[in-house]
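Okay, thanks for squeezing me in. I'll put the structure up and then we can walk through it together.

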Amino acid sequence: MTTRELTRKFGNFTAVDSLTINIRPGEIYGFLGPNGSGKTTTIRMLCGILEPTSGSGTVLGHDLAGEPEKIKQKIGYMSQKFSLYDDLTVYENLDFYAGLYSISRRERKERIREMIGMALLTGREKVLAGDLSGGWKQRLALGCAIISRPAMLFLDEPTSGVSPTSRRDFFKIIRRLAESGTTVMVTTHYMDEAERCHRIAFISGGRLIANDTPGNLKKNAIKGCMAEMEIPDPMNRLPELEALPYVRECSVHGAAVHILLDGEKHIRELEKHTGIKARVITPSLEDVFISLARKGRQAQS
Ligand SMILES: Nc1ncnc2c1ncn2[C@@H]1O[C@H](COP(=O)(O)OP(=O)(O)O)[C@@H](O)[C@H]1O
Ligand SMILES: [Mg+2]
């Protein structure tokens, strides 16, 4: 999957701005960015649902502008507001989607059995979808989205609003799908999920800000030295800390504050100023995203 300068405008407003990315077969590609940064708009273009204003792209060898119908047939898509039929059972929902994808009667039973196993729904075949809890619903929606065995799968915030355990189960399934060759593009706000992606793109204001492996982003995206210290009442101390000439940015992480310094030599000054011990840390992916989001906002203003 590749895009070149892919752009979508709504009136005068540019929601996706000259996005150039490529995703390799079998890759889990994380798509991150603040709310309103253009993730859903991008995915809708890539799924052949929304026409690009300019730029180009291919998905599974088909041109976005010229062959959106072919793309729609070949991909799997789970939208932010995926739709299941609450008054149909697990089995009936899968059967319904199998029908939509014109899977032959002969093949259908086998395919539904496969999806039930994949989505960890064994034993729940006769439960109404409306009676399932969040995590189970999400896995059923995934089963419905991939019952046609698509080579590429788009997931738009598939795990928002479900329990941490369900999120982990869901991502295990995604890993397994990728290992068997499915290409996955997934948007998420959860850093633990971002860590599990092979590569991550970060967008802000419709523009690509960073695009690399989680490891490389942590190594390279932040310049300077990250220090951590436990400060009482951290929220109220931020303005004072951020005003220090050698402090680039601060963020609160529970009881700790992460402080980005111009260099390691400023640790001493920081400790002297606050009277609190500081230690150098490797930035977490969350630090990277806080920093990138700030850069994105600055670039737009
Ligand atoms: N159909 C539309 N008409 C007008 N503006 C839209 C439309 N769809 C999305 N937008 C705007 O485009 C921007 C990006 O939206 P979206 O792609 O949904 O962001 P994200 O998924 O990253 O939260 C937002 O400012 C949103 O309001
Ligand atoms: Mg969205």
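So, counting up the secondary structure, the protein chain has 11 helices and 14 strands. Keep in mind that this is a predicted model. The C-alpha atoms fit a box of roughly 75 × 45 × 30 Å along the principal axes. There are 301 residues in the protein chain, and 36% of them count as buried. As for contacts, take the ones between residues at least 6 apart in sequence: 67% of those join residues at least 24 apart.

How is the protein chain divided into domains? Domain 1 covers 2-218, and domain 2 covers 223-282. Their C-alpha centres lie 39 Å apart.

Let's do the sheets. One of them is an open sheet of 6 strands with mixed pairing, and the order reads β6-β7-β8-β3-β9-β10. On the edges you've got β6, residues 75-78, and β10, residues 207-212, each pairing on one side only. On average, neighbouring strands in this sheet are turned by 15° against each other, if you ignore direction.

If you want a spot to look at in there, take β7, residues 152-156, and β8, residues 183-187: they pair in the parallel sense over 5 bridges. Met 152 has Thr 183 in β8 as its bridge partner. Now look at helix α1, which lies across β3, β7, β8 and β9. The angle between α1 and β7 is about 155°.

There's also an open sheet of 4 strands, this one with antiparallel pairing, in the order β2-β1-β4-β5. Its edge strands are β2 at 13-19 and β5 at 62-63, again each pairing on one side only. Inside it, strand β1, residues 2-10, runs antiparallel to strand β4, residues 54-59, with 4 bridges joining them. Thr 2 stands opposite Thr 58 in β4. And here's α1 again: α1 packs on this sheet too, touching β1, β2 and β4, and its direction makes about 65° with that of β2.

Right, the ligand. Which residues are around ligand 1? Going along the chain, we have Phe 10, Ala 15, Gly 33, Asn 35, Gly 36, Ser 37, Gly 38, Lys 39, Thr 40 and Thr 41. By class, that's 2 nonpolar, 7 polar and 1 charged. And α1, residues 39-46, gives the largest share of that shell, with 3 residues. So α1 keeps turning up: the helix lies across strands such as β3 and β7, and it contributes to the shell around ligand 1.

Over to strand β13, residues 256-261. Is it enclosed or open? Well, 5 of its 6 residues are buried, so the strand is largely enclosed by the rest of the structure. It pairs with β11, residues 225-230, through 6 bridges, and those two run antiparallel. Glu 230 stands opposite Ala 256 in that pairing. β13 also pairs with β12, residues 247-253, in the antiparallel sense, over 6 bridges. There, Val 247 stands opposite Leu 261. β12 and β13 make a hairpin with 2 residues between them, and Gly 254 in the turn has a positive phi of about 65°.

What about Ala 256, which sits in β13? Ala 256 has 15 other C-beta atoms within 10 Å, so it comes out as partly exposed. Setting aside its neighbours within four places in sequence, Ala 256 is in contact with Glu 228, Met 229 and Glu 230. Compare its position with Gly 33: the two are 223 residues apart in sequence, and 24 Å apart in space, C-alpha to C-alpha. Gly 33 is one of the residues around ligand 1.

Last thing, a couple of backbone oddities. Most residues other than glycine have a negative phi. Where do we see a positive phi in a residue other than glycine? Ser 102 is one, with phi near 55°. It's in the loop between α3 (90-100) and α4 (105-118), and it is exposed, because there are 8 other C-beta atoms within 10 Å. Glu 157 is another, with phi near 45°. That residue is in the loop between β7 and α6 (164-179). Glu 157 counts as partly exposed, with 19 C-beta neighbours inside 10 Å.

That's what I've got, happy to go back to any of it.

Conventions:
Residues numbered from 1 in each chain as written. Chains lettered and ligands numbered in written order. Predicted model: local features only at pLDDT ≥ 70, side-chain atom pairs only at ≥ 80, totals over all residues. Near = placed C-beta within 6 Å. Nonpolar A, V, L, I, M, F, W, Y, C, P; charged D, E, K, R; others polar. Pairing = 2+ DSSP bridges. Axes fitted to C-alpha atoms, helices over the stretch in contact; angles between N-to-C directions. Contact = placed C-beta atoms within 7 Å. Buried ≥ 20, exposed ≤ 12 C-beta atoms within 10 Å, placed from the backbone. Domains from an automatic or database assignment.
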